[in-house]
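Visitor: I should like to learn how the features of a two-part model are read, beginning with the general idea and then turning to the case at hand.

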Amino acid sequence: MQASNEIYGVMAEFDSPNSLLEAAKKARAAGYRKMDAYSPFPIEEVCEEIMPEDTGVPRIVLICGLLGASSGFIFQAIGEFLDYPYNIGGRPIAITNWPAMIPITFECGILCAAFGAVFGMLALNGLPMPYHPVFNVPRFERASQDAFFLCIESVDPLFDRGRTSQFLRGLSPLQVSEVAH
Amino acid sequence: MATTSLAPTRVPQLGRLQTIGLVAAAIGLVLLVAGYFIVGPEQFFRSYLFGFYFTMSLPLACLGFLMLQHLTGGAWGVTVRRMLEAGALALPVMGLLFIPIALATYPTTYQSLGLAQPLYEWATPGVIDPSSPLFDPGIAHKAPWLTPTFYVARAVIYFVIWTSLALMLRSWSLDQDRTGNQASAKRMRMLSGIGLALFVISVTFAAFDWTMSLDPHWFSSIYGAHYMISSGLMTLSFLSIIITQVRQTEIFEEHVSTKPIHDIGKLMTAFTVLWTYMSYAQYVIIWAGDVAESTPWYVHRTQGGWIAIVPILMVGQFFLPFFLLISRKNKRRLGSLASIATLIIVMRFIDVSWIVLPAFHANIAEVSWMNLAAPVGLVGLWLTLFASNLQRAALLPLNDPNMEWLHVGGHH
């Protein structure tokens, strides 16, 4: 196998969402995992083919949500039961007061889960990214208008400069180009 | 897009389902009638009302979702539309099944059914008469609403609304199957907009009438919304189980991918959270207000052993399904989704029992076996109607413009 880091990857252009989906399915079936698709609008079915089994974001959201909810609850408990016990409408100054504490607990859980989702996603996908090699491909700006691209990246263990280009050409694309770093 | 006339889809599993429903209906209703003589007419009508209220969740939520998906579109909508139509189409029969409840409430008929008292406390002669020893000023205050005649008249109005909506939406949908007429889709959408508004109002009042008024002093404005959301949760769960039965059909194999199943899983997650929100909101308002006219309802449901149900509901109807359903894999694998759905349906039964039955049985140990016979019988009957209606049309409305949602890139 050739040294993979000479180029960023190999990119194929397709004329329709369906041919992009077909290509993504075939690339996945061929064993490629490190790939990405570029289209003018999101195509859920393509996401399913190119997405890693586990992006890591769901776990971050779950952990942040649970941490947020429990810290929201604990903050209220510290305030109400320890630091400043105060009789509000005769309601108990004890854990039996839990129904009154649910809204804040819920809000803190949602807030932290949302932060976890946004910042976790940014941390994992590396955005914002001022430079990206895929823009070296001719006509790539059309990806936000009417063109559909599939890029197999050189970090994929199966990647081979010659054979991967050959493979993509076999999927009846409009063009195949190498993506320089 | 196909514009040819569509034939009904044959599914052997649905035939089997129809038989299961029929057997359940026979067993449940025979036991219920036997209970009339063994346990007594009082228990018969109480259990019947409970079973009826529980069963009504299914056709009502089918009608609600049917109108909702006409308005929103979406892959899940066309996938389950025929099931929703089939379920809602049972509403006229459900209307006939209301007659025993009406007779047990009406002052001139309840005695001939063997009842010493009408089914509802507020219908007892004398409770609104200031000169009677039974006089109850709390009920007298609500007398303009809670009279047997108005109660029955309202039920008739509800069923007329629901039946007309179900029949119209079904006949236009079948018309679309026959002719591919694109105007039908627009007509169904227009009707659904008006229909959904009528639906929300009528179901809210139906829930107030049928079970909230069992405790005529108590009121909760969220009660109707709770019934609608709970019914929606149960119906979505039911649909995901039905999809396991029809998944292997040719028409489903061809058109239905994982996406609509994932969507139904997401809706189940949302409705699980909504159920929790409704249940909690009703409780926290009454708990925080701590006013003598609204707390007894919860006192009855936490005494006499009924408190045991509360942790079961917290875990079984919220924590367990919620944490199982937030996993993407569980929502996309139909087998897992159907297992979670089964848990939810069991919990729905326990929740409705906890809401309705303490009005009749102060102690949980007093709950009669007839409260199981009635829902088994009535749900069985509804299931038979559902399965038979579902086999009378194509399993997917292939001529509908919304079918595009099921195909790649079609949702943009």
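Guide: What follows takes up the interface, then the cores, then some single residues.

Guide: This is a predicted model, in which local features need pLDDT of at least 70 and side-chain atom pairs count only at pLDDT 80 or more, while totals for chains, interfaces and linings use all residues. Residues are numbered from 1 along each chain as its sequence is written, chains are lettered from A and ligands numbered from 1 in the order in which they are written, and side-chain values use heavy atoms, with hydrogens and water left out.

Visitor: How many residues of chain A and of chain B are in contact?

Guide: Contact means heavy atoms within 4.5 Å. Here 20 residues of chain A are in contact with 15 residues of chain B.

Visitor: And how is the size of an interface given?

Guide: It is often stated as the accessible area lost when the parts come together; buried area is that loss with a 1.4 Å probe, summed over both parts. Chain A and chain B bury about 1400 Å² between them, and 67% of this lies on carbon and sulfur atoms. On the side of chain A, Glu44(A), Glu45(A) and Pro99(A) lose the most area to chain B, together 30% of what that side buries.

Visitor: How many salt bridges and polar contacts cross the interface?

Guide: A salt bridge is a side-chain nitrogen of Lys or Arg within 4 Å of a carboxyl oxygen of Asp or Glu, and the rule finds two across the interface of chain A and chain B. One of them joins Glu48(A) to Arg332(B), with the closest N and O atoms 3.2 Å apart. A polar contact is a pair of N or O atoms within 3.5 Å, where within protein one must be able to donate a hydrogen and the other to accept it, and residues adjacent in sequence count only if both atoms are side-chain atoms; four residue pairs, both at pLDDT 80 or more, meet this rule across the interface.

Visitor: Which elements of chain A give two or more residues to the side that touches chain B?

Guide: Helices (H or I, at least four residues) and strands (E, at least two) are DSSP runs numbered from the N terminus. The elements in question are helix 1 (17-29), helix 2 (44-50), helix 3 (57-83) and helix 4 (98-125) of chain A, of which helix 4 gives the most, with five residues.

Visitor: Where does the largest nonpolar core draw its largest share?

Guide: A nonpolar core is a set of buried Ala, Val, Leu, Ile, Met, Phe, Trp, Tyr and Cys residues joined through side-chain atoms within 4.5 Å; buried means under 20% relative accessible area, exposed over 50% and partly exposed in between (1.4 Å probe, protein chains only). The largest core has 127 residues, and those with the most contacts inside it include Tyr120(B) and Trp210(B). Its largest share, 17 residues, comes from helix 2 (residues 41-72) of chain B. Apart from it lies another core of 22 residues, among them Phe14(A) and Leu168(A).

Visitor: Is Tyr151(B) buried or exposed?

Guide: Tyr151(B), found in helix 7 (residues 148-179) of chain B, is buried, with a relative accessible area of 0%. Its side chain makes a polar contact with the side chain of Tyr120(B) (2.8 Å). By comparison, Ala114(A), in helix 4 of chain A, counts as partly exposed at 38% relative accessibility.

Methods
Buried area = accessible area lost by both parts, 1.4 Å probe.
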